[in-house]
Amino acid sequence: MKAVLTLLATPRQRIIALIACANLFAYTLIAVSLEDSYLQYSDRAAISSRNTNRLVSQSIADDIQRIDLALKVAGDEIVRQRRDRVKGQDELTDFLTRLQARLPMTNALRVADGQGAVIAGSGGVPAGINNSDRDYFIKLRDDPQTELAISQPLLARIDKNWVLVFARRLVPTDGVFSGIVFASVPIEWFVQKFINLEVGPHGAVVLRGDAARDFDLLARYPAAGFVGQTKVSETFRATITANPAHGTYQAYAGADNILRTFSYQAVSGFPLITLVGLAPQDYLGSWWVEAAKLAALALLFTLLTGLSGLWLLRAWSALQRQTDELARSNADLEQFAYIASHDLQTPLRNIVSFTQLLSRRYGNRLDGDADEFIGYIVDGAKRMSQMITDLFEYARISTVQQEIQSVDLGGVVKGVLAYLAPYIKEAKAEITVGDLPKVLAGDVQMTSLFQNLIENAIHYRNLEGHLKIDISAAPDAKGFWRLSVRDNGIGIAPEYHSKVFIIFQRLYPLEYPNGTGIGLAICRRIVERLGGRIWIKSESSKGSTFLFTLPAAPLNEPLPEMTPAQARS
């Protein structure tokens, strides 16, 4: 911590550090917000991919189930016709044509005998077509346990289109393999299904074989790679090995090397897998717009804080210059006050001394007017000397820094009363002092404050009455004490309450010639520099109460609560 404070020793460094911290905080918030938004978009894309894939997988499963049912019906019809010894293939061809018309996904429904020769089919078949070398025929011929065989992608021998063949074995005659019934589905049928799905410009929908078929590519939109291709990402292989039924992953597609969020789904009951992939460049489009807006706001914030920091630095520099100028001014003022109190006092003392010497030596040679004039000179010089002394004290309040500490006002007032004892005795004043608190102030300032207020009460007393002065304290706002100095003197009219605190302002210069008009101004400056305030409650001929607030010194116990009467006073 000390090292940090050492590095940030100057206000300039602190301002720069503050701006840097503000920008770091703002950029952190933006980064957290963007990350959270990114995760939300990614989660929505994964959910959308899974939901779309469920629909695709279910649709393909429904189509295959319809084809399988049609193959079973066709197989039953062939068994019936053989049992009934129907001659020729015309009736079977008509039946297969009508049945195939109900299967829009197929382009042919045909029958091959035990040697692979195609003997009948929807719409008729050309002569000489033999499928004995096809993988689905071989599998059904050699494995009696296989019910529905799904071929590898094949190039049809009749119409030369890429197709998938779905085939079932016919019920054998006398235990001898008697052939198959099969339907061919163009690869394009699946592609057309995929085109209608909303997967974005860079999305993809894929139909593949399962792991037993080495994930051979059967259909894809958009087209990429080639049918039968078995190249897939290692991420896909690892994910589907762990969860064969369904799952979600992100990887670069093996066919086109585009990053996508994929979901895969096994087609229920069949050795096929559907995949739906959504590209981040599609589903993060709105996120990039948000990121650009936040980036612009971040740059704007940086610009504004930078300009604000520049303004603060310039303001600080200007304030520093003013502070330096004020310090020089205070030094000049203190020097002036010293000159005024020291150098100017010497000629004033000479004036008084030589005037008094003149009076003593030549008093018998001067008339009464001359003695009166000499008295005026002496009194004026003494008054000017006192004004210079008070002015010096007034200036020092602002220029001399006094240590702020806990000050016992009871002790301060006791010392002031001891110092003013001759004047108090002369005025026959009765002074009552209540319990006074400890405040945060300086000893010298508190002494000056109470001395000026008590001297003011003595000076402006009612000469026909008995002077009484009461000094007391009560809690004020939190952390402050309210003190009062009340007398029964001549009082002050309400219109002069603010005027008496102005320097050199005297209300009764003729009736009360002593005094300089600086004492109450000193009191106000002392109180206000400590964060308090001072005011008067008084009326002419009814005495005066000077009230002022001072910050309380820290105590182990809380300040006492104000009573309603104290709050109103």
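Two strands pair if DSSP finds at least two bridges between them. In this predicted model, strands β7 (residues 204-209) and β11 (residues 272-278) are joined by six bridges and run antiparallel. One residue pair to look for is V205, whose bridge partner in β11 is V276.

Now widen the view to the sheet. It is open and has five strands, in the order β8-β7-β11-β10-β9. The pairing is antiparallel. Strands β8 (217-221) and β9 (246-252) form the edges, each pairing on one side only. On average, neighbouring strands are turned by 20° against each other, direction ignored.

Helices meet this sheet. Helix α2 (residues 11-83) packs on it and touches β7, β9, β10 (259-266) and β11. The direction of α2 makes about 150° with that of β11. Helix α6 (residues 234-242) lies across β9, β10 and β11. Relative to β9, α6 runs at about 165°.

Turn next to helix α11, residues 409-419. Which of its residues are buried? They include L409, V412, V413 and V416. These residues lie on the same side of α11 because they cover an arc of only 95° around the axis. The face turned away from that buried side carries K414 and A418, both exposed. Here buried means under 20% relative accessible area, and exposed means over 50%.

What caps the N-terminal end of α11? The cap is D408. One of its side-chain oxygens lies 3.1 Å from the backbone nitrogen of G410.

Key: Residues are numbered from 1 along each chain as its sequence is written. This is a predicted model: local features need pLDDT of at least 70, side-chain atom pairs count only at pLDDT 80 or more; totals for chains, interfaces and linings use all residues. Side-chain values use heavy atoms; hydrogens and water are left out. Buried means under 20% relative accessible area, exposed over 50%, partly exposed in between (1.4 Å probe, protein chains only). Helices (H or I, at least four residues) and strands (E, at least two) are DSSP runs, numbered from the N terminus. The arc is that of the directions from the helix axis to the C-beta atoms. A polar contact is a pair of N or O atoms within 3.5 Å; within protein, one must be able to donate a hydrogen and the other to accept it, and residues adjacent in sequence count only if both atoms are side-chain atoms. Axes are lines fitted to C-alpha atoms, for helices over the stretch in contact, and angles run from 0 to 180 degrees between N-to-C directions. Contact means heavy atoms within 4.5 Å.
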